[in-house]
Structure formats: structure tokens, C-alpha cells
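I opened this entry to record what I looked up about side-chain packing, a helix pair and one loop residue.

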Amino acid sequence: VKALFDLYEDLLIDTTLSRSWGKRIEAITNSELTFQYEDGSTNDEIDELMQSLSWETLLTGIVSSKAYGRSGVEIDFSNGFRVDMIPPKHINLDNQTILINDSDERGIDYIDDPQLLILGSKRDFGLFLKTAPYAIWKRGGFGDYAQWLEIFGMPQRIGKYSSYDPQSRILLEQALQNAGSAPWCVIPKETDVETVNNTGSGSSGVSFNDFRQACNEEMLIAILGQTLTTIAGTKGARSLGDVHKEVEEGINKSDLRYTERVLNSYVRPLLEARGFKIKGGKYIFPSAAEAVSVDELVQLTKIIRISASFIHDKYS
């Protein structure tokens with residue numbers, strides 16, 4: 001397990017993978033979260049708690065369980081409010097302990113520790129398990145692409161010398177070395193050098209880029225469920241992009257509901273035990289309001305009074 005999570009961290013250097021997962025985290029941390037009682041009122045003390053940087057760390061830790069298959073945070077009230085994330089490789093779900101060293105078999109029991117919030121399932125290794133092969137293949141493909149460019153991407157210079165005049169070979173090599181960085185070789189005039197390219201798209205290097213794009217698309221589908229909200233498609237149809245956006249929003253909604261349930265099931269009792277006035281309230285991600293079109297605004301003017309200044313500021 002340690003080696004697997006070390007691999008995850010290493011593969012997150014891939015910008016497509018890290019950025020697509022970052023979009024899912026930002027969908028949670030950028031959403032409006034409120035704590036409301038049954039009568040709709042709020043609590044200033046809890047609102048202040050939710051405005052802290054530590055609260056953002058808590059939300060990130062909760063949703064990260066979907067990427068790694070497990071996640072954990074330590075919530076500390078000894079000096080204000082502080083949340084620290086626990087590296088996934090230090091969480092042993094089999095014996096329910098936190099490992100001090102990532103290679104240990106057992107560690108500190110977390111079941112009865114009220115300051116620890118541990119999420120995950122034993123046989124679940126998260127979305128990164130699905131994206132790992134494509135990130136590995138893409139990294140290797142980039143290396144092959146770089147090698148191809150180094151050899152065939154620049155025009156080659158071939159210098160020919162007389163095999164009976166070895167001194168001219170030395171002078172020719174010096175001249176080519178001082179004439180720039182393009183690849184070159186020196187051969188006798190009596191010999192010949194031939195480069196045989198394949199007849200497919202690989203002869204121009206296009207296949208390397210196609211392979212890179214294919215790996216990117218598979219990672220985006222695994223993380224976001226689609227591709228067009230991150231990379232441009234070839235069709236150029238806005239309707240297709242709208243469909244892809246709906247797919248991503250559906251995944252974001254699922255993450256919001258999951259985070260909401262974790263907060264109400266685990267964090268709310270934890271805060272109540274520390275004296276916060278939690279009883280009778282719950283955490284809610286309010287549904288986003290839909291934008292009103294100009295035609296709908298015209299219809300609304302028949303029901304409510306809307307000032308001309310608002311319409312001017314909104315629609316110029």
C-alpha cells in the first residue's frame with residue numbers, strides 16, 4: 001500500500017491529472033456552505049469557524065477520500081481551531097490504526113480518538129488507481145517523443161571526407177561542432193547513410209501527440225467524467241460542450257452531497273462535544289440559483305418592481 005500511495009504522489013506531477021482533480025476540490029471549497037437551524041437562523045461562532053483556512057483543509061480532506069480511497073484529518077482545539085491532513089499511506093484500514101512510520105504494521109488506534117476523522121474502505125484505492133496507467137504511459141510517451149525530436153526533429157547535417165585524408169575529418173568535425181546545435185555526422189565519401197522512416201503517421205511524430213492526448217482524455221474521463229470542460233474538442237459544437245458540462249456538474253453535486261453527509265454525520269457531533277451549539281442545526285450546500293434571462297426578467301417585471309438601474313448594470 002505504501003508503494004501505491006507513493007506512486008500516486010509521484011504521478012500528480014502530471015498537470016492534466018493534478019489540475020482535473022483540483023477542479024473537483026475547488027467545486028467543494030468554492031461552494032457556499034452554511035450551517036442552519038430548523039428556523040433558518042445561523043450561528044456566528046460556527047460561521048467564523050467555516051471562514052478559516054483550517055475549514056478548507058477539512059473539506060479538502062473529506063473529498064480526497066474519493067481520490068485515494070481513504071483520507072484522514074486531525075482536528076485540534078488546543079490552540080484555536082486547527083486541521084491537519086494525515087497522509088493516506090499512514091492510514092491502515094485493516095487494523096484501524098495511524099502508522100507513525102509508513103512501513104509499520106501497526107500504529108495508534110483511531111477508533112476511539114475523537115480528534116481523528118478517518119474515511120475510506122479497505123478494498124477501495126480511489127480514482128487515482130484508474131488514472132495511474134495513463135499517467136505512466138503518458139510520461140513514457142513524452143520521453144519517446146523527446147527522443148524522436150532530438151534525432152529527427154531538426155535537419156541533419158552530413159559531412160563527407162576522403163578516407164585517404166584523415167586530417168580533413170578532424171577539420172570537418174570541428175567545423176560542424178562550431179556551426180550550431182543541429183545533429184550532424186561525419187562519414188567517408190565512399191559510404192552512404194540512409195534514414196528509413198515508417199510510412200504511417202509516426203514518421204512525422206503525430207502519433208506521439210495523439211498518444212499523449214489519448215492518455216489525457218482517459219484521465220479526464222476518470223476524474224471529471226468528460227473532457228470538453230478542460231480541453232478543446234475537434235467538433236466545435238457548443239451543445240456538445242454543454243452536455244459535458246452537465247456531466248461534470250453531476251459529479252460535483254455528488255461530491256457536495258457526500259461532503260454534506262460527512263459533515264453532518266461525523267463533524268457535527270465532534271463540534272457538539274466541544275460545546276458548540278449544534279443541536280437542531282445541520283450543514284447545507286444551498287442549491288445554486290439559475291441565471292435569469294432577459295425574457296424571464298420582462299415577465300418578472302409584471303409581478304415585482306425591478307429598477308431600471310439594476311437592469312442597466314446587469315445587462316448594460
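I began with L263 in this predicted model. Leaving aside residues up to four places away in sequence, I found that L263 touches L33, W55, L58, L59, I62, R268 and Y283.

I then looked up the core. The largest nonpolar core has 45 residues, and L263 is among those that touch the most other members, together with W55, L58, F128 and Y283. Helix α9 (residues 238-273) supplies the largest share of this core, six residues. I also noted a second, separate core of seven residues, which includes I91, I98, Y110 and I118.

Next I turned to the helix pair α2 and α4. How do α2 and α4 lie to each other? The axes of α2 (residues 15-29) and α4 (residues 53-63) come within 10 Å and cross at roughly 130°. Because angles over 145 degrees count as roughly antiparallel and 65 to 115 as roughly perpendicular, I recorded the two helices as oblique to each other. The crossing of α2 past α4 is right-handed.

I listed the residues at this contact: W21, I25, I28 and T29 from α2 meet E56, L59, T60 and V63 from α4. By class, I entered five nonpolar, two polar and one charged residues.

Last, I checked T191. This residue sits in the loop between β9 (184-188) and α8 (206-224). Is T191 buried, exposed or partly exposed? Its relative accessible area is 37%, so I entered T191 as partly exposed, given that buried means under 20% and exposed over 50%. I also noted that T191 and Y161, 30 residues apart in sequence, are 9.9 Å apart in space, C-alpha to C-alpha.

Definitions and conventions: Residues numbered from 1 in each chain as written. Predicted model: local features only at pLDDT ≥ 70, side-chain atom pairs only at ≥ 80, totals over all residues. Heavy atoms only, no water. Core = buried A, V, L, I, M, F, W, Y, C linked by side-chain atoms within 4.5 Å. Buried < 20%, exposed > 50% of the residue type's maximum accessible area, 1.4 Å probe, protein only. Helix = DSSP H or I, 4+ residues; strand = E, 2+ residues; numbered from the N terminus. Contact = heavy atoms within 4.5 Å. Axes fitted to C-alpha atoms, helices over the stretch in contact; angles between N-to-C directions. Parallel < 35°, antiparallel > 145°, perpendicular 65-115°, else oblique. Left-handed = near helix turned anticlockwise from the far one by under 90°. Nonpolar A, V, L, I, M, F, W, Y, C, P; charged D, E, K, R; others polar.
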